[in-house]
Amino acid sequence: VQDKEAREMSADEQAKIQPLLIGKADDCMDDQRAKKWSIAMLNKKYSLVLVPCYMGAYNSADMYFVVDHTGESAPTLLTDMANYYEDGRIGYSMKGRGLGDCWSLKEWVWNGQAFVVSSAQTTGRCAMIQAGGAWDLPTIKTKVVTR
């Protein structure tokens, strides 16, 4: 990827991209959607757009869209439940409840054309067995090879 981290959109970027996505982000909380949007250039053709969407007591999430710079394809919603982007990987880490005794995690990786799921797991039921969760229970596990 070109941008290892997302940055705030410029006014020009926001004016061009926001109208394409605003109807797709209607389920987001108004106060969150009104915050600054972010963007990361993936390659010469695509960028990743992060739209602040949800803020709860102990979890937050953004909507993640892949946007085609050429306009050949419509923006693609990847997820409405992620909370980080770093170096071609997006994902989330969410508490099942405030005590932090159960978690859900998922990650996608950019393969040069699209984001694909690279891992998903939970830590089991919320039973206050151990802070951070008692187990690592993968539902998807892959090996990501980089060049």
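This is a guided tour of the structure, stop by stop, with a suggestion at each stop of what to select.

**The whole chain**

Begin with the complete protein in cartoon view, keeping in mind that the model is predicted. The protein has two helices and 10 strands, and if you trace the chain along its sequence you will meet them in the pattern β-α-α-β-β-β-β-β-β-β-β-β. Taken along the principal axes, the C-alpha atoms fill a box of roughly 50 × 40 × 20 Å. The radius of gyration is 16 Å, which agrees with the value near 15 Å that a compact globule of 147 residues would have.

Now switch on the surface, whose accessible area comes to about 8,700 Å², with 51% of it belonging to carbon and sulfur atoms. Of the 147 residues, 35% count as buried. Among contacts between residues at least 6 apart in sequence, 40% join residues that are at least 24 apart.

**Helix 1 and its two faces**

Select residues 11-21, which make up helix 1, and show the side chains of Q14, I17 and L21, which are buried. If you turn the view to look down the axis of helix 1, the buried residues fall within an arc of 95°, so they line one face of the helix. The face turned away from that buried side carries the exposed residues D12, A15, K16 and P19. To see what lies over the buried residues of helix 1, add strand 2 (38-41), strand 3 and strand 4 (60-68), which are included in their cover.

**The nonpolar cores**

In soluble globular proteins, nonpolar side chains tend to be buried together. For the largest nonpolar core here, which has 16 residues, select L42, L48, Y64, V66, Y85, I90 and F115, the members with the most contacts inside it. Strand 3, strand 4, strand 7 (89-95) and strand 8 are the elements that give two or more residues to this core. A second, separate core has 13 residues, among them L21, C53, M63 and V67; L21 is a residue you have already met on the buried side of helix 1.

Stay with Y85 for a moment and display its surroundings. Leaving aside neighbours within four places in sequence, Y85 is in contact with several residues at the start of the chain, including V1, D3, K4, E5 and A6. The contacts of Y85 also include A40, L42, L48, L50, Y64, I90 and F115.

**The aromatic cluster**

Which residues form one aromatic cluster? Select Y46, W110 and F115, and you have the cluster in view. The structure holds three aromatic pairs. In the pair of Y46 and W110, the ring centres are 6.0 Å apart and the planes stand at 65°, so the pair is edge-to-face. Y46 lies in strand 3 (residues 46-55) and W110 in strand 8 (residues 103-110), so the pair ties together parts that are 64 residues apart in sequence. Both partners are buried, Y46 with a relative accessible area of 15% and W110 with one of 11%.

**Two loops with positive phi**

Move next to D87, in the loop between strand 6 (84-86) and strand 7. D87 has a positive phi of about 50°, although it is not a glycine, and at 40% relative accessibility this residue counts as partly exposed. Then select M128, in the loop between strand 9 (115-122) and strand 10 (137-141). Phi of M128 is near 55°, again a positive value in a residue other than glycine, and M128 counts as partly exposed at 47% relative accessibility.

**Last stops: L137 and N111**

Is L137, in strand 10, buried or partly exposed? Its relative accessible area is 37%, and L137 is therefore partly exposed. Leaving aside neighbours within four places in sequence, L137 is in contact with A120, Q121, T122, T123 and G124. A distance drawn between the C-alpha atoms of L137 and V1, which are 136 residues apart along the chain, comes to 30 Å.

Finally, select N111 in the loop between strand 8 and strand 9, where N111 is partly exposed at 49% relative accessibility. The C-alpha atoms of N111 and V144, 33 residues apart along the chain, are separated by 9.4 Å.

Technical notes. Residues numbered from 1 in each chain as written. Predicted model: local features only at pLDDT ≥ 70, side-chain atom pairs only at ≥ 80, totals over all residues. Heavy atoms only, no water. Phe/Tyr/Trp six-rings, centres within 6.5 Å; stacked < 30°, edge-to-face > 60°. Helix = DSSP H or I, 4+ residues; strand = E, 2+ residues; numbered from the N terminus. Buried < 20%, exposed > 50% of the residue type's maximum accessible area, 1.4 Å probe, protein only. Arc of directions from axis to C-beta. Contact = heavy atoms within 4.5 Å. Rg over C-alpha atoms; globule rule 2.2 N^0.38 Å. Areas by Shrake-Rupley, 256 points an atom, 1.4 Å probe, with all protein chains shown as cover. Core = buried A, V, L, I, M, F, W, Y, C linked by side-chain atoms within 4.5 Å.
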